[in-house]
Amino acid sequence: MARRSRILQPFTFPSSRPWVAPWVGVILASVVLVWAMEWGIAAFSAAGLEGLRQRNVFSMVVSVGVVASVASLLWAVTQRLGTSLVLVAAGMAFTATLHVRKVQLIDRPLMPWDFLEWRQVTSLAPTLLPGGGAVVVLGFGLLLVAVVVAIARAVMKGRPRYPLEAPVRRALALMSLAYLLVIVFQQHLPIQRVFNRVGIYHQVWDQRSNYQVNGLTLMMLWNWEGLRLDPGSRYSEAEVHAALGGDPGLAPHAPEEPIDVVIVMAESLWDPTRLGVPFSADPLPFLRSLMRDHSAGEVISPSFGGGTANAEFELLTGMSSSFAPQGAFPYQHYLLRPVDALPSLFRRAGYRTVAIHPFHAFYWSRDVVYPLLGFDSFQSLVDFPSPRLEGPWVSDEEVVDHILQELSDEQRSHFVMAVTMSTHGPYNLPLAGDEEIDVLGDKLPADSRLLVKNYVNKLRKADKAMERLVQRLRARPRKTMLVLFGDHLPMLGPDYAAYRQAGFFQEPWTDAKRERMAEVPVVLWTNFPTPRNELHLSISMLAPRILETAGLRPPAFFSFVSELSRVLPVVRGDLLRSSNGEYLPVDNMDLRGAKAGSWEDWMRRYRLLTYDRLSGGNFSAVRSGGGGGVSTSNAGGAGGPI
């Protein structure tokens with residue numbers, strides 16, 4: 001009996017129970033905090049306070065339990081009830097503010113892993129947040145003050161106002177921690193069935209709906225678990241080779257006359273004349289001339305208004321970011337080891353591989369990721385001393401100078417990828433006075449007219465920089481190809497403001513509208529004759545075409561992607577389109593039971609191979625050896641150059 005008493009001691013409370021009234025106060029305070037946070041989020045959202053009606057009542061009750069458990073845990077640790085509630089309230093207010101601002105800027109909810117990239121947030125804050133860096137400093141300052149006050153009060157001498165005896169502290173801490181663990185890992189516990197019966201689902205496939213129904217508190221807890229990748233079907237080395245259609249093969253070798261490759265991913269490059277708003281001059285006359293004479297068209301971006309890293313990831317690896325949980329970025333979350341990609345394949349073929357981006361090297365973890373993708377060197381912002389600027393960003397002319405400097409060594413083959421910055425937002429900065437292009441008509445209100453005018457004049461300068469680059473490449477004695485494309489459409493006001501006002505986009509969403517809001521221009525230019533083709537495909541499907549045009553035979557995975565593009569040219573998280581133009585359902589796809597040869601089977605294989613390369617055994621990686629081509633089992637997937 002004595003032994004049992006020792007076991008149950010943490011849950012044995014004094015008979016007087018002086019902790020009950022304050023703990024009831026914690027519950028009531030948690031109700032107020034959750035309601036206030038959700039009310040504030042709804043008030044600043046497009047749906048307004050009507051959005052509160054979409055919240056699941058049971059989800060809100062569970063959220064109150066989460067907040068109460070965190071506050072109780074802090075109370076048990078610090079013995080300071082008031083300070084614990086202030087800390088919880090400050091953290092909730094700060095998180096809700098970031099969530100609202102992210103939704104306003106790029107129409108995507110806050111994810112817990114956003115906090116892992118705090119350097120990115122602070123580096124862009126002066127241009128993206130109202131009031132610039134002062135807002136971020138103030139926000140972090142208030143949170144820091146709350147933490148300092150909490151620590152100071154916790155170590156202050158003197159009796160707390162609401163003290164807890166040792167058994168109560170242990171019991172309260174254990175129960176709070178147990179509740180939090182059950183909620184965080186509910187999908188692995190029997191309680192999930194109870195949650196599902198009352199309409200509580202972790203809708204990882206649709207994070208907007210996830211937040212609308214379940215609220216911010218639960219989503220910040222549950223989405224930590226959402227980082228795991230799913231192979232989508234049985235996973236083994238044999239399954240991977242079957243998905244490939246054969247052995248992974250060897251790394252390709254360069255042709256007898258190697259072709260230099262330059263890729264320019266231009267920030268927010270898009271054709272603004274599609275808005276239907278008249279301009280006094282064409283913002284992109286040179287790009288348009290290139291697209292008339294060379295392989296060109298549109299690629300489907302995986303993002304809108306931001307998320308450049310996912311477009312870059314798709315281009316370089318041939319994988320689709322749509323297989324990662326919504327809001328995740330493979331650069332930060334999955335690229336933790338060397339992966340077959342364009343730079344690594346070109347490097348194995350004897351090329352010098354260089355990345356150029358005039359911004360912080362840590363941004364999107366490029367300083368970590370680029371070596372894993374096969375880049376020999378990375379020129380970042382520190383390599384642009386005293387650069388010419390376009391607004392707050394390094395001009396594209398500076399990027400062109402760096403590209404040409406890299407190519408000045410005519411004795412080596414080069415693979416150069418540059419990511420520009422000059423056309424990056426914000427577009428609401430005051431006009432410089434040297435604008436060449438004006439926005440005509442009265443279709444747009446003054447604030448949107450400013451956004452569009454700034455944007456099109458940035459584009460005009462970028463177009464001139466690309467013209468100079470092509471003129472220099474055209475004069476080179478070495479064969480050279482240039483791939484120029486945009487990473488995503490520009491963000492012209494919150495909630496697609498300028499797009500709506502111009503009539504380019506109106507709700508309700510349809511698959512055709514989703515595709516239209518993801519189409520960015522692409523052109524593949526060469527200084528030697530190649531067939532001209534019209535392009536319309538996902539960015540991830542450009543990689544094998546680049547290899548083919550450069551004379552490198554795509555190895556097995558890239559050969560698979562080439563074949564896939566003939567069946568499903570558009571693969572995005574919220575969009576699937578077949579080669580005959582049919583939009584296919586993206587929800588509830590039965591990939592595990594897919595019939596061989598069906599489009600579902602192609603998606604099953606694509607997902608399985610992506611999982612293998614990012615989180616699995618990497619059984620699809622090319623083998624090192626003699627510089628030979630890929631195995632004959634993959635020969636059918638090559639096709640001709642663009």
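These legends describe close-up views of a predicted model. Local features need pLDDT of at least 70 and side-chain atom pairs count only at pLDDT 80 or more, while totals for chains, interfaces and linings use all residues. Residues are numbered from 1 along each chain as its sequence is written, and side-chain values use heavy atoms, leaving out hydrogens and water.

**View A. Asp612, a buried acid in helix 22 (residues 599-614)**. Helices (H or I, at least four residues) and strands (E, at least two) are DSSP runs, numbered from the N terminus. Asp612 is buried (under 20% relative accessible area; exposed is over 50%, partly exposed in between; 1.4 Å probe, protein chains only). Asp612 has no salt bridge (a side-chain nitrogen of Lys or Arg within 4 Å of a carboxyl oxygen of Asp or Glu). The nearest side chain of opposite charge, Arg613, is 5.5 Å away. Lys and Arg count as positive, Asp and Glu as negative; His and the chain ends are not counted. The Asp612 side chain reaches the backbone nitrogen of Phe619 at 2.9 Å. Leaving aside residues up to four places away in sequence, Asp612 touches (heavy atoms within 4.5 Å) residues including Tyr235, Val240 and Arg337.

**View B. Strand 8 (residues 480-486) and its two partners**. Seven of the seven residues of strand 8 are buried. Thr480, Leu482, Leu484 and Gly486 point one way; Met481, Val483 and Phe485 point the other. In a regular strand the side chains alternate between the two faces of the sheet. Strands pair if DSSP finds at least two bridges between them. Strand 1 (residues 260-266) pairs with strand 8 in the parallel sense over seven bridges. Strand 9 (residues 519-526) runs antiparallel to strand 8, joined by five bridges. Met481 stands opposite Val261, and its bridge partner in strand 9 is Thr526.

**View C. A salt bridge between helices 16 and 17**. The side chains of Asp401 and Arg468 meet at 2.8 Å, N to O. Asp401 lies in helix 16 (residues 396-406) and Arg468 in helix 17 (residues 446-474), 67 residues apart. Asp401 is partly exposed, at 30% relative accessible area. Arg468 is partly exposed too, at 25%.

**View D. A salt bridge within helix 19 (residues 511-516)**. The side chains of Asp511 and Arg514 meet at 3.4 Å, N to O. The two are three residues apart, about one turn of the helix. Asp511 counts as partly exposed because its relative accessibility is 26%.

Definitions and conventions:
A polar contact is a pair of N or O atoms within 3.5 Å; within protein, one must be able to donate a hydrogen and the other to accept it, and residues adjacent in sequence count only if both atoms are side-chain atoms.
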